[in-house]
Number of protein chains: 2
Amino acid sequence: MKEGPDIAQIGALIGDPARANMLAALTGGRALTATELAGVGGITLQTASTHLAKLEAGGLLAQRKQGRHRYFTLADEAVARLIESMMGFAAGRGHLRHRPGPKEPALRKARICYDHLAGDYGVRMLDSLIASGTIAAVGDGLRLTEKGESHLKCIGIDVGDLRSSRRPLCRSCLDWSERRAHLAGSLGKALLSSFLDKGWARRTAESRSILFSPEGDRQFLRLFPVQG
Amino acid sequence: MKEGPDIAQIGALIGDPARANMLAALTGGRALTATELAGVGGITLQTASTHLAKLEAGGLLAQRKQGRHRYFTLADEAVARLIESMMGFAAGRGHLRHRPGPKEPALRKARICYDHLAGDYGVRMLDSLIASGTIAAVGDGLRLTEKGESHLKCIGIDVGDLRSSRRPLCRSCLDWSERRAHLAGSLGKALLSSFLDKGWARRTAESRSILFSPEGDRQFLRLFPVQG
DNA sequence: TTCATACTTCGATCGTAACCGAAGCATTGT
DNA sequence: ACAATGCTTCGGTTACGATCGAAGTATGAA
């Protein structure tokens, strides 16, 4: 009768609008304080506190104390992938929260997903990396090729440093706006970081969208061409 | 900051234990009736009905009316993938539940569905009848061919007698163990009756399963071969 | 027709959880 | 020391939805 893992608890945690808003905001990768998350959820600090406690107890959030503040983040990348996949599903059913506003196109073009690049640009990047033989698609997963490792070194990414982490190097993450995979994992993170470091792009204050400068746009499109 | 699709609605739909149990049951791919799903969810038929209406309105379920029954299935493969991914996530967090005992293989092999043959054998029979040109699939429905009528006479089925009934001769019936169509209608009933009359098979007392004798098994498989 | 089955809708109860005001820690700054 | 900020806990209200009994609808069988 009752089979398998209990998805109801997870669903109920995400099922509250205030909590869903908080989780969506945290998918941006930034650590946010309880006060900021209360604002995101449209609730008072007291209510937010109880919500955050539930999310943490459910294993969706992690918190770290820092002075008077408590910074909340998603527990790990698996949570981010779950939220993204649910967004993709909801988008496909037309469960949109609001009519596509002015911020929507920017969000679809390039945004941050936990700590890596998503949206049209994220999908394009992975497509290009596969086409150039840098990354190989093995079944459902992704693998960095030997040739790819040297190729990335030319871009300024030292894969050796990334391997030291226990986190997987390459991971596929389903994109809710494109409904196709983009690159997650420590390599995905490193690539986005390098774009930001080089000044090609910058994060926006309140949104998940990532804005490319005209020069950064050119460099990105040159570095990750798309055939056809 | 409200960005992107609304995951709270989806989460809330999955967040109720009864609904989660129903969805998990339907992830098996079989179509289930409202009554069966009520049993799965541990609730009464009335409550199940409202839950199913909500799930359908939310785009998670599709239903197919068939006589007095309403067969529910997951709306499409995307729903199945969502449930699967949530199960995977929940399993990773240790949100586990018990695994049930063994299923009933006999019920899956052959059982009675109202008055006709269902299960693996039922699906095989219809497949074979279509392959041999006895029955033609016309759109969603089924039609007996002219050649088929004489073919059935050889088996001992007089179609003329069946036509006198107001009941449709051929009807497609969705199989809940195979999730594919088998043959219903007065012809389906007549075929099963002939198997029982010939002693090829017999009904069991308490179960809906139909037990074929070794000889009946051989005759059935000879009469309804399957290619490939 | 009449009866039985499968399901839906109505109505009402009831439990839970979301919510906020107020008070209670905890940390930092002065 | 005291005040200010950030957050949690407590208490009480409120609102929503899950639940089921009973009545209503639809389909099939006799």
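This section describes the DNA contacts, the aromatic pairs and one sheet of a predicted model.

DNA strand C is surrounded by 20 residues, and those that come nearest are Gln46(A), His51(A), Lys54(A), Thr35(B) and Ser49(B). Sugar or phosphate supplies 72% of the atoms of DNA strand C within 4 Å of the protein, and the rest belong to bases. Several polar contacts involve phosphate oxygens of this strand. For Lys54(A), an N or O atom of the side chain is 2.5 Å from a phosphate oxygen of DNA strand C. For His51(A), the separation between a polar side-chain atom and a phosphate oxygen of DNA strand C is 2.7 Å. Chain B takes part through the backbone, where a polar atom of Arg70(B) is placed 3.0 Å from a phosphate oxygen of DNA strand C.

The surface near DNA strand C draws on both chains. At least two residues each are supplied by α4 (45-57) of chain A and by α3 (34-41), α4 (45-57) and β3 (69-74) of chain B. Of these elements, α4(A) gives the most, with 4 residues. Divided by class, the surface near DNA strand C comprises 10 polar, 7 charged and 3 nonpolar residues.

DNA strand D has 22 residues around it, of which Thr35(A), Ser49(A), Gln46(B), His51(B) and Lys54(B) are the closest. Of the atoms of DNA strand D that come within 4 Å of the protein, 72% are accounted for by sugar and phosphate. Phosphate oxygens of this strand are again contacted by side chains and by backbone. A polar side-chain atom of Thr47(B) is found 3.1 Å from a phosphate oxygen of DNA strand D, and for Lys65(B) the corresponding distance from a polar side-chain atom is 3.2 Å. On chain A, a polar backbone atom of Ala34(A) is located 3.5 Å from a phosphate oxygen of DNA strand D.

The elements that each supply at least two residues of the surface near DNA strand D are α3 (34-41), α4 and β3 (69-74) of chain A, together with α4 of chain B. The largest share, 5 residues, comes from α4(B). In terms of class, the surface near DNA strand D contains 11 polar, 8 charged and 3 nonpolar residues.

Aromatic pairs were sought throughout the structure, and 14 were found over all chains. In chain B, the ring centres of Phe195(B) and Trp200(B) are 5.6 Å apart and the planes meet at 10°; the pair is therefore stacked, as planes under 30 degrees apart count as such. Both partners are buried: the relative accessible area of Phe195(B) is 0%, and Trp200(B) has a relative accessibility of 10%. A tilted pair is formed by Phe220(B) and Phe224(B), with 5.1 Å from centre to centre and 55° between the planes. Phe220(B) is buried at 0% relative accessibility, and Phe224(B) is likewise buried, with a relative accessible area of 1%.

In chain A, ring pairs join Tyr121(A), Phe195(A), Trp200(A), Phe212(A), Phe220(A) and Phe224(A) into a cluster. One member of this cluster, Trp200(A), also has Lys198(A) over the face of its ring, at 4.6 Å from the ring centre. In chain B, the charged end of Lys198(B) is positioned over the ring of Trp200(B), 4.6 Å from the centre.

Chain A contains an open sheet of 3 strands, arranged in the order β1-β3-β2 with antiparallel pairing. The edges are occupied by β1 (32-33) and β2 (61-66) of chain A; each has a single partner strand, so one side of each lacks a neighbour in the sheet. Strands of a sheet pair through backbone hydrogen bonds, in either a parallel or an antiparallel manner. The antiparallel pairing of β2(A) with β3(A) extends over 6 bridges. Within this part of the sheet, Gln66(A) is opposite His69(A) of β3(A). The strand β3 (69-74) of chain A is also among the elements that supply at least two residues of the surface near DNA strand D.

A backbone feature elsewhere in chain A concerns Tyr114(A), which has a positive phi of about 70° although it is not a glycine. Tyr114(A) is placed in the loop between β4 (111-113) and β5 (116-118) of chain A.

Technical notes
Residues are numbered from 1 along each chain as its sequence is written. Chains are lettered from A and ligands numbered from 1 in the order in which they are written. This is a predicted model: local features need pLDDT of at least 70, side-chain atom pairs count only at pLDDT 80 or more; totals for chains, interfaces and linings use all residues. Side-chain values use heavy atoms; hydrogens and water are left out. A residue is near a molecule or strand if one of its heavy atoms lies within 4 Å of it. A polar contact is a pair of N or O atoms within 3.5 Å; within protein, one must be able to donate a hydrogen and the other to accept it, and residues adjacent in sequence count only if both atoms are side-chain atoms. Ala, Val, Leu, Ile, Met, Phe, Trp, Tyr, Cys and Pro count as nonpolar, Asp, Glu, Lys and Arg as charged, and the others, Gly among them, as polar. Rings of Phe, Tyr and Trp (its six-membered ring) pair if their centres lie within 6.5 Å; planes under 30 degrees apart count as stacked, over 60 as edge-to-face and the rest as tilted. Buried means under 20% relative accessible area, exposed over 50%, partly exposed in between (1.4 Å probe, protein chains only). A charge sits over a ring if NZ of Lys or CZ of Arg is within 6 Å of the ring centre and within 35 degrees of the ring normal. Two strands pair if DSSP finds at least two bridges between them.
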